Amino acid sequence: MKTFLQQLLLFIAGFVLLMAIGVLIPASRTARESFLFSKIDKDSLLKNTPSPRIVLVGGSNTSFSINSQILKDSLHLNPVNTGISGALGLLYMLDHSLDGIRPGDVVIVCPEYTQFYGDAAYGEDYLIRVIMETAPGEMLKLRGKQLSTQLAFLPRYAFSKFKLTQYLPREESPGQEATLDEIVYKRVAFNQYGDMSRHWTMEKIDVAPYARIDQRFNEQAIDALYEYRKQVEARGAKLFVTFPAFQDESFANQRSQISRIEHSLKSKGFTLLGNPERYKMPDELIFDTPYHLTKAGAQIRTQLLIEDLRKANSSEIALKGF
Amino acid sequence: MLFHTLDFAIFLPIVFVLYWFVTNRNLRLQNLLIVLASYLFYGWWDFRFLVLLFFSSFVDFCVGIYLGKENHPRNRKMLLWISLIVNLGMLGFFKYYNFFLQNFVDAFSFFGKKVEPDSLKIILPVGISFYSFQTLGYVMDLYRRKLEPARDFITFSAFVSFFPQLVAGPIERATHMLPQFHVKRYFNHDQAVNGLRQMLWGFFKKMVIADNCAIYANMIFDNSSSYAGPTLVLGALFFAFQIYCDFSGYSDIALGTARLFGFELMRNFAYPYFSRDIGEFWRRWHISLSTWFRDYVYIPLGGSQGSAVIKIRNIFIIFLVSGFWHGANWTFIAWGALNALYFLPLMLAHKNRDNIAIAAQGHLLPSARELAGMIITFSLTLIAWIFFRAENMQHALSYLERMFGGLTDPAAYREAWTFIHVNTGFAIHFLIAAFIVLEWIGRDSQYAIQHFSLGWRKPVRWAFYYSIAVIIFLYAGKEQQFIYFQF
């Protein structure tokens, strides 16, 4: 037994050492250029954009489906689109944006439906990557469940640094088309407001619909949103919750799970902008995933959002500039 | 609790330490620890499931005690029936109630009668088919006087609930497993290292091959009407590797974990995709279930004795029951029927036991005849898997129709190539190829890497293990529940 335990501990120590080396290797060029690094730019936008502001909080549906210029022109508010990826998890999106909220801000949270099911709200492996490579100290700010979820991704993150292809420049081959990762999912693909705009000139691709969500409903996601509202209001800002633009076929597949979310949000007294049905989109407006819109789609979705904001404004609260 | 989660990574070392360092002086205490740990492991899904597990164990323990005392044939038969009714009743209710109800409604509506009974929202307790069959096997062995009844409820509960194999097998035989709970276990270094090695291989199969294949198989099966023949073949291939690596990966982890506690479980897979005929495939696939059906259903029915009609009947019964065991859906029954059809010609020609030893034994490469046999058998299995994976019969048939209908169109091959280029990338194909090569090289062993690196110097051997571990973390697909938990 003694030999077994010694050998096992030695093996594990070697494994931990390999992991530590991986963590300490600086971010590769590919990683630094990826859209996840836009966090740095978006943090700066949130910090430096002057009031009056409209702050959009969500995942990639928020960055791919909003045309902030239209928002600015219509509402006379300075837009800050903080959306990067749903894989960062709702809890991180909320907690991270909170520090940047100022009095008078109009904050619109637009989570993907999956955020309310399973463990999606705690983030996938993108979160540990973003934090470790941009601000490792933020690991300490994560909540318990988030932290345990992210620690499970630590080995994967660390060992990904050993992928040599990340360090090599991509060779342009005449016959080989660049992938979406190489064109769209880049830090430089966002415009000055934080909208993903690189794909606005590109052809849409065929998008397979999402199936129904089979995971359990996560009450903690609703609770976190509720807590966020209190904090936002304590800072003198106003919170609205809205629904993401979503491919209609995927919407049909997830209808009952979406209704459950809407019901929960209503029962908690959130000010909702529109309803899920209103933001479902036909396939021709979908770009590359059921949550991502083409330029035309983003324009339509933004107009709908403006209408809903005006409606909410006239019935609830007077917002300067509307 | 899933094997490939942080929860299990914390749970296992704690139980290991308590088992070997705290309870090791007292066998009963050690068995009690196994029971408690197993109930915690199982209750992690839903604590309500524990009631069923306890009830099933308790009933069969009592039936066993009475069977040990009773000599009157009629009373013995009655005791057997009690166990059958309780176990199959639980299984029937939780697994098949809504299926029968729906088919009942469909049958009535076919004759113009509209019936609207209340269907129940029944949660299927994970692994119920596995532990029900394990305890049923125990009672049937007692009934046949092949075994002495367990006199200690803790020992019996440990046998039924032993966490490594509780939720997805192997379905152990009491004759093999119970005696291991009766004797003091001693830590064996080689056995434990062998166990860890098998666990490592199991994690690789599950997390790298199965979970990645699952993504692409789901993508293709969920949108099969949008794809042409070659892409649908690709989908079936992905599913074939998914289900094999998912289930055999689970079995490897289960066997390896059991070894850490000094137990030897029965082997559940023996390289089924290298089978040269369908008879061999069924001797190598889910061995614990196949042999269970053979011993407790097929042989009592008369097995391969008797007229051709009886043989055909028995084969169909065993394959249909096996299909139905997998789930309450006509697709599983069709899968079973198809395998019966594959198997029948071999059995009627007395060729079903032609290939007993592993393919190309003692050679590096198979002969042309063996290779042809393997390709044909794998292709037949692939077609059957489509029924297994499809949502319903209509889905399966339209999948097959599109698959075979679209194989001659050159543009369809470009679609498959684009699917690989855009969706899968090449890493997963390389990993599957490496996996097949390793399985082929290690096909004489219980699992592929059992003896693979033993002759190497320690640093090289460890480097090999580190490589597998790194690949697991680096290329693990999105976490999926083990497929067989739902059965």
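Helices here are DSSP runs of at least four residues, and strands are DSSP runs of at least two, numbered from the N terminus. Keep that in mind as you click around, and remember that this is a predicted model.

**Stop 1: all of chain B**

Select chain B and switch to a cartoon view. You'll find 18 helices and zero strands. How roughly big is the box that its C-alpha atoms fill? Along the principal axes, the box is roughly 70 × 70 × 45 Å. The radius of gyration of chain B is 23 Å, which agrees with the value near 23 Å that a compact globule of 487 residues would have.

Now colour chain B by burial if your viewer can do it: 42% of the 487 residues count as buried. Contacts reach across the sequence, too. Among those between residues at least 6 apart, 74% join residues at least 24 apart.

**Stop 2: a helix with buried residues**

Still in chain B, pick helix H6, residues 153-161. Show side chains for Phe156(B), Ser157(B), Ala158(B), Phe159(B), Val160(B) and Ser161(B), which are buried. What do the buried residues of H6(B) pack against? Add helix H2 (27-43), helix H3 (49-69), helix H5 (128-143) and helix H7 (174-182) of chain B to your selection, and you have the answer.

**Stop 3: two helices crossing**

Next, select helix H9 (residues 229-260) and helix H16 (residues 410-424) of chain B. Their axes come within 6 Å and cross at roughly 45°. An angle of under 35 degrees would count as roughly parallel, and 65 to 115 as roughly perpendicular, so H9(B) and H16(B) are oblique to each other.

Zoom in on the place where they meet. From H9(B) come Gly229(B), Pro230(B), Thr231(B) and Leu234(B). Facing them from H16(B) are Ala412(B), Tyr413(B), Glu415(B), Ala416(B) and Phe419(B). By class, the residues of this contact are six nonpolar, two polar and one charged.

**Stop 4: where the chains touch**

Bring chain A back into view. Here 16 residues of chain B are in contact with 15 residues of chain A. On the chain B side, helix H1 (6-22), helix H8 (189-222) and helix H18 (458-475) each supply at least two residues. Which of the helices gives the most to this side? That's H18(B), with six residues. Colour this side of chain B by class and you'll get 13 nonpolar, two polar and one charged residues.

**Stop 5: the sheet in chain A**

Hide chain B and look for the strands of chain A. Five of them form an open sheet in the order S2-S1-S3-S4-S6, with parallel pairing. The edges are strand S2 (78-81) and strand S6 (272-273), each pairing on one side only. Now add helix H5 (residues 68-75) of chain A, which packs on the sheet and touches strand S1 (53-58) and S2 of chain A. The direction of this helix makes about 150° with that of S2(A).

**Stop 6: one residue in the sheet**

Finish with Ile108(A), found in strand S3 (residues 106-110) of chain A. Is Ile108(A) buried or exposed? Count 24 other C-beta atoms within 10 Å; 20 or more is the cut-off for buried, so Ile108(A) is buried.

S3(A) pairs with strand S4 (residues 238-242) of chain A over four bridges, in the parallel sense. Within S4(A), Phe240(A) is the bridge partner of Ile108(A). Leaving aside neighbours within four places in sequence, Ile108(A) is in contact with Ile54(A), Leu56(A), Val57(A), Phe240(A), Thr242(A) and Leu273(A). For a last distance check, pick Gln220(A): its C-alpha atom and that of Ile108(A) are separated by 19 Å, with the two residues 112 apart along the chain.

Key. Residues are numbered from 1 along each chain as its sequence is written. Chains are lettered from A and ligands numbered from 1 in the order in which they are written. This is a predicted model: local features need pLDDT of at least 70, side-chain atom pairs count only at pLDDT 80 or more; totals for chains, interfaces and linings use all residues. The radius of gyration is taken over C-alpha atoms; the globule rule is 2.2 Å times the number of residues to the power 0.38. A residue is buried if 20 or more other C-beta atoms lie within 10 Å of its own, exposed if 12 or fewer, and partly exposed in between; C-beta atoms are placed from the backbone. Two residues are in contact if their C-beta atoms, placed from the backbone, lie within 7 Å. Ala, Val, Leu, Ile, Met, Phe, Trp, Tyr, Cys and Pro count as nonpolar, Asp, Glu, Lys and Arg as charged, and the others, Gly among them, as polar. Axes are lines fitted to C-alpha atoms, for helices over the stretch in contact, and angles run from 0 to 180 degrees between N-to-C directions. Angles under 35 degrees count as roughly parallel, over 145 as roughly antiparallel, 65 to 115 as roughly perpendicular and the rest as oblique. Two strands pair if DSSP finds at least two bridges between them.
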